[in-house]
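Colleague: Hi! Could you walk me through this model? I'm new to this, so plain words please.

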Amino acid sequence: MNARLRLVADRTATTGTPPTATDPPHGEAPHGEALHEEPGPGAARCLGLYAKLAAGVTVVTARGEDGPLGMTVSAVTSLSARPPMLLACLRDGSRTLAAVRARRVFAVHLLREEQQELAGRFASPVTTAAERFAGTDIRQVLGVPVLAGALAWSVCLTEDVRRYGDHHLVVGRVAAVHVGGGRPLLWHDRRFGALTDPVPDAAG
């Protein structure tokens with residue numbers, strides 16, 4: 001596919017705090033947490049490598065004890081078609097991860113290119129759960145809050161959760177799915193981007 005990335009200016013969240021500048025936009029990062037050096041290349045060099053990985057921007061949501069929770073995630077990928085499974089990498093210590101482990105069900109939303117503000121809001125560590133969902137149309141699917149305006153979404157049953165370094169790999173079996181039309185929001189080189197080639201509409 002010869003799609004080109006058109007980098008667009010970052011939009012900050014309503015609080016004025018942009019997504020993490022050194023990592024893909026994973027929300028709910030603990031304040032002031034430093035990356036500890038391990039044998040091999042330094043963390044800064046590795047983060048520079050990771051920044052070159054172009055990825056679709058997603059929001060993962062789950063049902064917490066006090067209401068809906070969610071965080072922006074760029075490390076989401078397909079894992080299996082038979083059975084259908086997705087894999088998401090969630091930051092250690094996030095409330096969303098705790099809800100995914102406790103409730104054993106979560107939703108993954110692929111964001112549209114015009115949803116940069118939403119991505120920033122769900123990535124900001126100073127934005128409350130209520131503020132993240134404020135003004136956003138949601139519906140309940142299998143007990144999980146689903147963002148109605150996403151490009152595509154799936155609700156997954158938690159199959160496995162394993163910790164690797166400062167993140168957890170979450171494997172989910174797809175139980176419900178919807179695919180709409182439009183262009184995906186992308187994350188590359190610590191900035192949001194968009195496809196420039198035409199994207200056919202799809203529905204499902």
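Colleague: Let's start small: how many residues are there between β5 and β6 in their hairpin?

Modeller: Happy to help! Keep in mind that this is a predicted model. The β5–β6 hairpin has 2 residues between its strands. The two strands are antiparallel and are joined by 5 bridges. For one of those, look at S80, whose bridge partner in β6 is M85.

Colleague: Nice. And what is the strand order in the open sheet?

Modeller: The sheet has 7 strands, and they line up as β4-β3-β7-β10-β11-β6-β5, with antiparallel pairing. From one strand to the next, the twist averages 35 degrees.

Colleague: Which strands stand at the edges, then?

Modeller: Those are β4 (67–73) and β5 (76–81). Each has a single partner strand, so one side of each has no neighbour in the sheet.

Colleague: Can you show me a pairing further in? How many bridges join β3 to β7?

Modeller: There are 4 bridges between β3 (residues 58–64) and β7 (residues 105–110), and these strands run antiparallel. V60 is a good one to click on, as its bridge partner in β7 is V108.

Colleague: On to helices. Which strands does α2 lie across?

Modeller: Helix α2 (residues 95–103) lies across β3, β4, β6, β7, β10 and β11. Its direction is at about 60 degrees to β3.

Colleague: And what about α3, which strands does that one lie across?

Modeller: Helix α3 (residues 116–123) lies across β3 and β4, at about 110 degrees to β4.

Colleague: How many of the residues in α3 are buried?

Modeller: 7 of its 8 residues are, so "mostly covered" is a fair description. Among them are L118, A119 and F122. The buried residues of α3 pack against β3 and β4, and also against α4, β9, β12 and β13.

Colleague: Is R121 buried or exposed?

Modeller: R121 is buried, with a relative accessible area of 10%. Its side chain meets that of E117 in a salt bridge, at 2.8 Å from N to O. E117 counts as partly exposed, at 25% relative accessibility.

Colleague: How far apart are E117 and R121 along the helix?

Modeller: They are 4 residues apart in α3, which is about one helical turn. An α-helix has 3.6 residues a turn, so residues three or four places apart point the same way.

Colleague: Neat! How many salt bridges does the count come to?

Modeller: The count comes to 5. One of them pairs R163 with D92, with the closest N and O atoms 3.3 Å apart. R163 sits in strand β10 and D92 in the loop between β6 and α2, so the pair ties together parts 71 residues apart in sequence.

Colleague: Which residue does R173 meet in a salt bridge?

Modeller: R173 meets E159, at 3.1 Å from N to O. R173 is in β11 and E159 is in β10, so this pair links parts 14 residues apart in sequence.

Colleague: Last topic: which residues touch the most other members in the largest nonpolar core?

Modeller: That core has 17 residues, and V60, L90, V100, F106 and V170 touch the most other members. At least two residues of the core come from each of β3, β4, β6, α2, β7 and β10. Another core lies apart from it, with 11 residues that include V59, F122, L147 and L185.

Colleague: What is V100 in contact with, leaving aside its neighbours within four places in sequence?

Modeller: V100 is in contact with A62, L90, V105, F106, T158 and V170. Have fun exploring!

Technical notes:
Residues are numbered from 1 along each chain as its sequence is written. This is a predicted model: local features need pLDDT of at least 70, side-chain atom pairs count only at pLDDT 80 or more; totals for chains, interfaces and linings use all residues. Side-chain values use heavy atoms; hydrogens and water are left out. Two strands pair if DSSP finds at least two bridges between them. Axes are lines fitted to C-alpha atoms, for helices over the stretch in contact, and angles run from 0 to 180 degrees between N-to-C directions. Contact means heavy atoms within 4.5 Å. Buried means under 20% relative accessible area, exposed over 50%, partly exposed in between (1.4 Å probe, protein chains only). A nonpolar core is a set of buried Ala, Val, Leu, Ile, Met, Phe, Trp, Tyr and Cys residues joined through side-chain atoms within 4.5 Å. A salt bridge is a side-chain nitrogen of Lys or Arg within 4 Å of a carboxyl oxygen of Asp or Glu.
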